[in-house]
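Hi,

Here is the structure I promised to pass on. Have a look at it first, and then read on for my notes.

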Amino acid sequence: MWAAAKRTARFAVTAKWQLATLKWRLILIGIAALVLFLVILVVGILDTLTGVQNEQPTDVTFNTAGGLQVSDQVLQYRGLVESELSKHGLAEQTNLVLALMMQESGGHGNDPMQASESKCGRIGCITSPEESIVYGVEHFASVFERANRDVQLTLQSYNFGGGFIDYVQQNGGRYSKELAISFSQMMYQRVKHTGIYRCHRPSAVQHGACYGDIEYVDAVLKYLAPVAVADGVITKELLSGLRSPLAIPLNVTSRFGWRVVFGQRDNHTGIDFSCTPSDTIHAVKSGTVIYSGNRGPYGNLVQVRHDNYITAYAHLSRLGVQTGQQIEAGQALGYCGTTGRSSGNHLHFEIKTSEWSGHIDPAPVFGL
Ligand SMILES: [Zn+2]
């Protein structure tokens, strides 16, 4: 009887101890959940902040044959993308497709166009970048034609699937961000039980538009550099009729914009043209020399102020003008060189609204 009572007591103690452990476990799970929640919250806030910083003005005129700011990984596929597009008579859309590839993959991996689903309905059936580009371009071309060559509708449909074209045609026939949001909301209601769709962007969460990416159009178009800054400081008119900075044909060795150098993303604020030390560098327009001297990584640098903008000519071997001098369009400023942070003779050329900011892509200005 005593033994039995003792046993019961021991059981009670064990049960009580287990209950206590359970309580602690629940508390720990609670704390873990709270920490997770806070992490998600902080990441979300950071995401929103960087999202705001990265936001580009959406009212700039984009030129699909104009400038492009993509990684070198994407640029290495230019030839292949262009030749595949030519098969569909769409070679002039090369930059648009490269911008799309930049958004899809940054040019990384075996399926840089993320074309696997359009090829075989599932992820992972494409095994090489060449295959990805063949199927990705084919898919792009078919969407582009179905969308009546509407660039925004094409891009959003590349992300959402062809159903979006039908949806737009049933709702006025023109792409709008509102239609993209309502389509995403509708589709999300249909597929959310699968659990494979989740909201990445705060704006998508806000609208409950978690199917696909409602910001896709802007995300792709931001890689297409505007022909001119739309804020009225540098306009297309101001940039028309510029002389070439070199007497030899312009050969671009490095483009403007984000590029990846030794695995680091680096913003190239100008464009590089190949040249030799015997080549003179010419002012693209008349103006005033506001700087002629040596400036660190730029090496020997000449900067010329024109009416509303500045042009810069860097890495020169010799300088031929002085600060304060008035110069004519086409006047020689110095000689091609490799001074400063440079690994060979070339001209680094910039167009910008002020000495340290407002850089634009010079390529479209010279039809490159
Ligand atoms: Zn450069």
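To start with something you can check on screen: is Asp-272 buried or exposed? Asp-272 is buried, because its relative accessible area is 8%, and the cut-off for buried is under 20%. Please keep in mind throughout that this is a predicted model.

**The zinc site**

I began with Asp-272 since its OD is one of the protein donors of the zinc ion, together with NE2 of His-268 and ND1 of His-348. These donors lie 2.0 to 2.2 Å from the zinc ion. Along the sequence, the donor residues follow the spacing H-x3-D-x75-H. His-268 is buried too, with a relative accessible area of 4%.

**The chain as a whole**

The protein chain has 368 residues, and buried residues make up 40% of them. You will find 12 helices and 12 strands in it. If you take the contacts with a separation of 6 or more, 58% of them are between residues 24 or more positions apart. The accessible surface adds up to about 19,600 Å², with 56% of that belonging to carbon and sulfur atoms.

**Aromatic rings around Phe-164**

Searching the whole structure turns up 12 aromatic pairs. One of them is Phe-164 with Tyr-167, which is stacked, at 6.4 Å centre to centre and with 25° between the planes. Both residues belong to helix 8 (residues 163-170), where they sit three residues apart, or about one turn of the helix. Phe-164 counts as buried, because its relative accessibility is 0%. Tyr-167 is buried as well, at a relative accessible area of 14%.

Phe-164 also pairs with Tyr-175: the centres are 6.4 Å apart and the planes stand at 75°, so this pair is edge-to-face. Here the link is between distant parts of the chain, with Phe-164 in helix 8 and Tyr-175, 11 residues apart from it, in the loop between helix 8 and helix 9 (177-191). Tyr-175 has a relative accessible area of 13% and is therefore buried. Put these rings in a wider frame and you get one aromatic cluster, formed by Phe-160, Phe-164, Tyr-167, Tyr-175, Phe-183 and Tyr-211.

**Helix 7 and the loop before it**

Phe-160 from that cluster is also one of the buried residues of helix 7. How many of the 10 residues of helix 7 are buried? Eight are, so to speak of helix 7 as mostly covered is fair. Along with Phe-160, the buried residues are Val-151, Leu-153, Thr-154, Leu-155, Gln-156, Ser-157 and Tyr-158. They pack against helix 4 (94-105), helix 6, helix 8, helix 9 and helix 11 (216-221).

Both ends of helix 7 deserve a click. At its start, a side-chain oxygen of Asp-150 reaches to within 3.0 Å of the backbone nitrogen of Gln-152. Just after the helix, Gly-161 takes a positive phi of about 105°.

The loop between helix 6 (129-146) and helix 7 (151-160) holds Asn-148, and Arg-149 lies in that loop too. Neither is a glycine, yet Asn-148 has a positive phi of about 55° and Arg-149 has one of about 60°. Asn-148 counts as exposed, because its relative accessibility is 64%. Arg-149 is partly exposed, with a relative accessible area of 41%.

**Strand 6 and Ser-292**

Ser-292 has its place in strand 6 (residues 287-294). Which backbone oxygen does the side chain of Ser-292 reach? The partner is Val-321, at 2.8 Å. Leaving aside residues up to four places away in sequence, Ser-292 touches Leu-301, Val-302, Leu-319, Val-321, Gln-322 and Thr-323. With a relative accessible area of 17%, Ser-292 is buried, the cut-off being under 20%.

One last item for your tour: the charged end of Arg-295 sits over the ring of Tyr-291, 4.1 Å from the ring centre.

Cheers

Key: Residues numbered from 1 in each chain as written. Predicted model: local features only at pLDDT ≥ 70, side-chain atom pairs only at ≥ 80, totals over all residues. Heavy atoms only, no water. Donors = N, O, S within 2.8 Å, 3.2 Å for Na, K, Ca; no water. Buried < 20%, exposed > 50% of the residue type's maximum accessible area, 1.4 Å probe, protein only. Helix = DSSP H or I, 4+ residues; strand = E, 2+ residues; numbered from the N terminus. Contact = heavy atoms within 4.5 Å. Areas by Shrake-Rupley, 256 points an atom, 1.4 Å probe, with all protein chains shown as cover. Polar contact = N/O pair within 3.5 Å; in protein donor to acceptor, adjacent residues only side chain to side chain. Phe/Tyr/Trp six-rings, centres within 6.5 Å; stacked < 30°, edge-to-face > 60°. Lys NZ or Arg CZ within 6 Å of the ring centre and 35° of its normal.
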